[in-house]
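Subject: Structure for you to look at

Dear colleague,

Here is the structure I promised to hand over, with the sequence beside it. Please open both before you read on, since my notes are meant to be followed with the model on the screen.

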Amino acid sequence: MHAGLKITAFAAALAATFGTAYSVGQGMGPVVDDEPPARHDTHASGGDTAQSPPAARGSGHAGHSGQESAPAGGLQISEGGYTLDLRTPRLEAGRTADLRFTVRGDDGRPVTAFRREHDKELHLIVASRDLNTYRHLHPTRAADGTWSIPVSLPRAGGYRVFADFTPDKKGAENLTLGADLAVSGSYAPRDLPAPNATATTDGYQVKLGGALRPGAARELKLTVSRGGRPVTDLQPYLGAYGHLVALRSGDLAYLHVHPNGEPGTTPAGPDISFTATAPSSGSYRLFLDFKHEGKVHTAAFTVRTGEAAAAPAQEAPHDSSAEHGH
């Protein structure tokens with residue numbers, strides 16, 4: 001996955017606000033919002049604007065071995081001959097409805113062949129423009145190439161939809177395409193959450209260590225605990241102990257990173273290490289998905305480039321799970 005950040009393999013450098021993840025139905029992944037929906041851990045695949053530097057216009061995946069990822073994506077609706085066709089451009093706040101879309105090739109036809117990456121053919125991220133609401137979803141693809149998944153968004157306003165995928169075609173590269181989504185209802189503007197180094201989600205505490213710096217790779221270390229005790233038996237989720245999505249405040253440039261190392265080669269907690277490079281100065285929102293005792297959780301952080309996550313160690317004012325979900 002991509003975002004307006006270059007990432008090596010996120011470890012302890014990105015500090016942003018994470019919210020708790022939850023799963024809703026078979027295709028849902030981590031989520032963040034004010035009214036957390038019921039959680040399920042079945043992720044089946046059948047289910048203002050900051051100027052972005054040239055380097056942030058591509059898309060790419062960070063691997064599990066600490067390699068540098070491609071530039072951030074999600075700023076364009078079309079790239080590399082592929083277009084995101086959002087068939088549901090509007091939803092109503094607080095109501096569950098199917099979000100439907102297709103990915104079209106340069107011939108205008110829906111794409112029906114995708115490579116499975118991190119256990120899924122496509123990863124779908126939905127985030128509000130104010131970065132207070134976040135969803136990591138895994139929709140279902142019909143035979144005609146139409147993707148769909150039920151979704152409920154708690155607040156009215158502008159949202160961005162990101163489709164992260166790799167076409168099953170020789171020479172095809174991973175892409176992240178983005179499209180705007182409008183959610184109707186009574187709109188109340190919200191500020192970007194304040195910078196924090198500790199997020200609380202579903203009874204877990206996640207601490208962020210490291211600093212995010214533009215143009216320089218830095219390690220980010222996220223440490224998971226519960227009840228004051230370190231969690232040392234994290235479970236693989238989508239082939240890794242943790243997944244990190246970074247969104248830049250303003251234009252929502254997007255990046256999906258994976259930790260340094262793979263399950264079986266690194267400890268199963270409490271630390272999850274990533275390496276990241278910010279493409280520009282500014283504020284970023286980070287969302288960490290991790291799995292424990294059969295459930296996926298999302299922790300969220302807000303960070304500013306050049307500021308160490310550990311100072312000040314301001315704890316999130318509320319349970320981040322209330323604003324994030326799967």
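Arg 129 is partly exposed, with a relative accessible area of 33%, and the side chain of this arginine meets that of Asp 180 in a salt bridge, with 2.8 Å from N to O. Please keep in mind throughout that this is a predicted model. Asp 180 lies in strand 13 (residues 175-184), whereas Arg 129 is found in the loop between strand 8 and strand 9, so the pair ties together parts that are 51 residues apart in sequence. Asp 180 counts as partly exposed too, at 48% relative accessibility. Salt bridges that share partners join Arg 129, Arg 160 and Asp 180 into one network. As a general point, side chains of opposite charge can pair when their charged atoms come close.

How many salt bridges does a search of the whole structure find? The search gives 8, and two others can be set beside the one above. Glu 92 forms a salt bridge with Arg 95, where the closest N and O atoms are 3.5 Å apart; Glu 92 counts as partly exposed at 41% relative accessibility, while Arg 95, at 53%, counts as exposed, because the cut-off for exposed is over 50%. The side chains of Asp 251 and Arg 248 also meet in a salt bridge, at 2.7 Å from N to O, and here both Asp 251 and Arg 248 are buried.

Turning to the protein as a whole, it has 23 strands and 0 helices. It contains 326 residues, of which 55% count as buried, and it exposes about 12300 Å², with carbon and sulfur atoms supplying 46% of that area.

Which residues have the most contacts inside the largest nonpolar core? They are Val 206, Leu 286, Leu 288, Phe 290 and Phe 301, in a core of 27 residues. The elements that give two or more residues to this core are strand 15, strand 16 (218-226), strand 18 (243-248), strand 19, strand 20, strand 21 (283-292) and strand 22 (295-304), and the largest share, 4 residues, comes from strand 21. There is also a second, separate core of 26 residues, which includes Leu 86, Val 161, Leu 175 and Ala 179.

Leu 86 brings us to strand 5 (residues 82-86), a good place to practise reading a strand residue by residue. Its covered face is made of Tyr 82, Leu 84 and Leu 86, and its uncovered face of Thr 83 and Asp 85. Strand 4 (residues 78-79) runs antiparallel to strand 5 and is joined to it by 2 bridges, and Glu 79 has Tyr 82 in strand 5 as its bridge partner. These two strands form a hairpin with 2 residues between them, and Gly 80 in the turn has a positive phi of about 60°. Strand 5 also pairs with strand 7 (residues 97-104), again in the antiparallel sense, over 4 bridges; within that pairing, Phe 101 in strand 7 is the bridge partner of Leu 86.

Some details of the backbone in the loops are also worth finding on the screen. His 118 has a positive phi of about 55° although it is not a glycine; this histidine sits in the loop between strand 7 and strand 8 (122-128), and it is buried because its relative accessible area of 18% falls under the 20% cut-off. Asp 202, in the loop between strand 14 (198-201) and strand 15 (204-209), likewise has a positive phi, near 55°, in a residue other than glycine, but Asp 202 is partly exposed, with a relative accessible area of 28%.

Two prolines complete the list. The peptide bond from Gly 269 to Pro 270 is cis, with omega near 5°, and Pro 270 is placed in the loop between strand 19 (254-257) and strand 20 (271-277). Pro 139 belongs to the loop between strand 9 (134-137) and strand 10 (140-141). Is this proline buried or exposed? Pro 139 is buried, with a relative accessible area of 1%, and its C-alpha atom is separated by 7.2 Å from that of Leu 124, a residue 15 positions away along the chain.

With best wishes

Methods:
Residues numbered from 1 in each chain as written. Predicted model: local features only at pLDDT ≥ 70, side-chain atom pairs only at ≥ 80, totals over all residues. Heavy atoms only, no water. Buried < 20%, exposed > 50% of the residue type's maximum accessible area, 1.4 Å probe, protein only. Pairing = 2+ DSSP bridges. Areas by Shrake-Rupley, 256 points an atom, 1.4 Å probe, with all protein chains shown as cover. Core = buried A, V, L, I, M, F, W, Y, C linked by side-chain atoms within 4.5 Å. Salt bridge = Lys/Arg side-chain N within 4 Å of Asp/Glu carboxyl O.
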